[in-house]
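New to this one? Take a moment with the sequence and the model, and then we'll walk through how some of the pieces fit together.

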Amino acid sequence: MSPIMLYIISFFAVLLVSSNVFLEAAVVGVNYGMVGDNLPPPTAVVNLLKSKNVDKVRLFSPDSNALNALRGSGIGVVLGVPNSDVQTMGNDPSFARNWVNTNVVAFSNVQFRYISVGNEINIPTAAESDFILPAMNNIRDALRAAGRTTQVSTTTFMGLVVDSFPPSRGRFSDGAENIMRSIVRFLVDNRTPLLVNIYPYFAYSRNPQEIGLDYALFTANRVVATDSGNGLQYSNLFDAMTDAVYAAMDRVGGSSIDIVITESGWPSGQNGNIATITNAKTYVTNLISHVSGTNGTPRRPGRSIETYIFALFNENQKDGLPTEQHFGLYYPDMRPIYPVTFR
């Protein structure tokens, strides 16, 4: 082969690697919830995502219209197994096989990133608690039988972590520890991240006397807290909460696996001067910048953090506090509530 040809091949190889790095650099996606009676059709939603350079989306449960709209879009999908299906899936491998064939195999040109078995199951009190791991095993086996390599995890939340400050003391609650230890072992064996919902908004809104708003919104620009256990310094609450989960994972054998933040956001209304459009814009903008860089967290530095903003739309039929209907980036008519730039 001539030197010129070698040079050309080398040049395009470098270009290809650079292109792949560029494509993988976007680490921020969105949660596409559908608890509303006035939301746009999935085809319009996918076009919106593409127009905003959003290449990752999370669906809380299978929706054939949304999955059809995502065909060939290049958008990676985190697909949830609803909590109501977890017990049956854990008990019945054939249910898992049917679920995979119906919701994954049938959509062969959809790019599935993770299957999440359950969302924020309150271990150990929830009836599904003992079935999370069997369901994860069954759906992993069903995926393998179908020739798929999609990773299987579960989505947990800060409610299972106690002693979260300083972050190095973080641990899973006594009731959750054994189940979480088994789940983490599965994740380690399969080299899969733990999916976690992290909300500085809730921590701040419950304790504004002791937590500074700037600490919650990433605007402190100074060391606010120093971990007495290891000396690590924190300038934002998001990192402190994430590192408390990492500490809890380390205690149950999960030091080799990463966290993917499957939900984080800030409401824009219905909670006085805390849930405002200004605060929501500040939090989400700073969150995107923070996780897209390579700072990581003090406990896990030098990496970006795959993160999904909650949520794409204001959803007018969500239960709970009035703020639950005001976490969206967009109104149902797809007008932005505040401008956001995805990287």
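What follows is a quick tour of a barrel, the helices that pack on its strands, and one helix pair. Keep in mind that this is a predicted model.

Let's start with the barrel. It is closed by 8 strands, and going around you meet them in the order β1-β2-β3-β4-β5-β8-β11-β12, paired in parallel. On average, and ignoring direction, neighbouring strands in this sheet are turned by 25° against each other.

Now zoom in on one pairing. Strand β11 (residues 259-264) runs parallel to strand β12 (residues 307-309), with 2 bridges between them. S264 has I309 of β12 as its bridge partner.

Helices pack on these strands too. Here are two of them:

| Helix | Strands it meets | Angle |
|---|---|---|
| α6 (residues 132-145) | β3 (76-81), β4 (111-119) and β5 (151-157) | about 155° with β5 |
| α10 (residues 237-251) | β8 (194-197) and β11 | about 135° to β11 |

Finally, have a look at two helices that meet each other. How do α4 and α5 cross? The axes of α4 (residues 83-91) and α5 (residues 93-103) come within 5 Å, and the crossing angle is roughly 120°. That is why α4 counts as oblique to α5. On the α4 side, D85, T88, M89 and N91 make the contact, while α5 brings in P93, F95, A96 and W99. Sorted by type, the residues of this contact come out as 5 nonpolar, 2 polar and 1 charged.

Methods. Residues are numbered from 1 along each chain as its sequence is written. This is a predicted model: local features need pLDDT of at least 70, side-chain atom pairs count only at pLDDT 80 or more; totals for chains, interfaces and linings use all residues. Side-chain values use heavy atoms; hydrogens and water are left out. Axes are lines fitted to C-alpha atoms, for helices over the stretch in contact, and angles run from 0 to 180 degrees between N-to-C directions. Helices (H or I, at least four residues) and strands (E, at least two) are DSSP runs, numbered from the N terminus. Angles under 35 degrees count as roughly parallel, over 145 as roughly antiparallel, 65 to 115 as roughly perpendicular and the rest as oblique. Contact means heavy atoms within 4.5 Å. Ala, Val, Leu, Ile, Met, Phe, Trp, Tyr, Cys and Pro count as nonpolar, Asp, Glu, Lys and Arg as charged, and the others, Gly among them, as polar. Two strands pair if DSSP finds at least two bridges between them.
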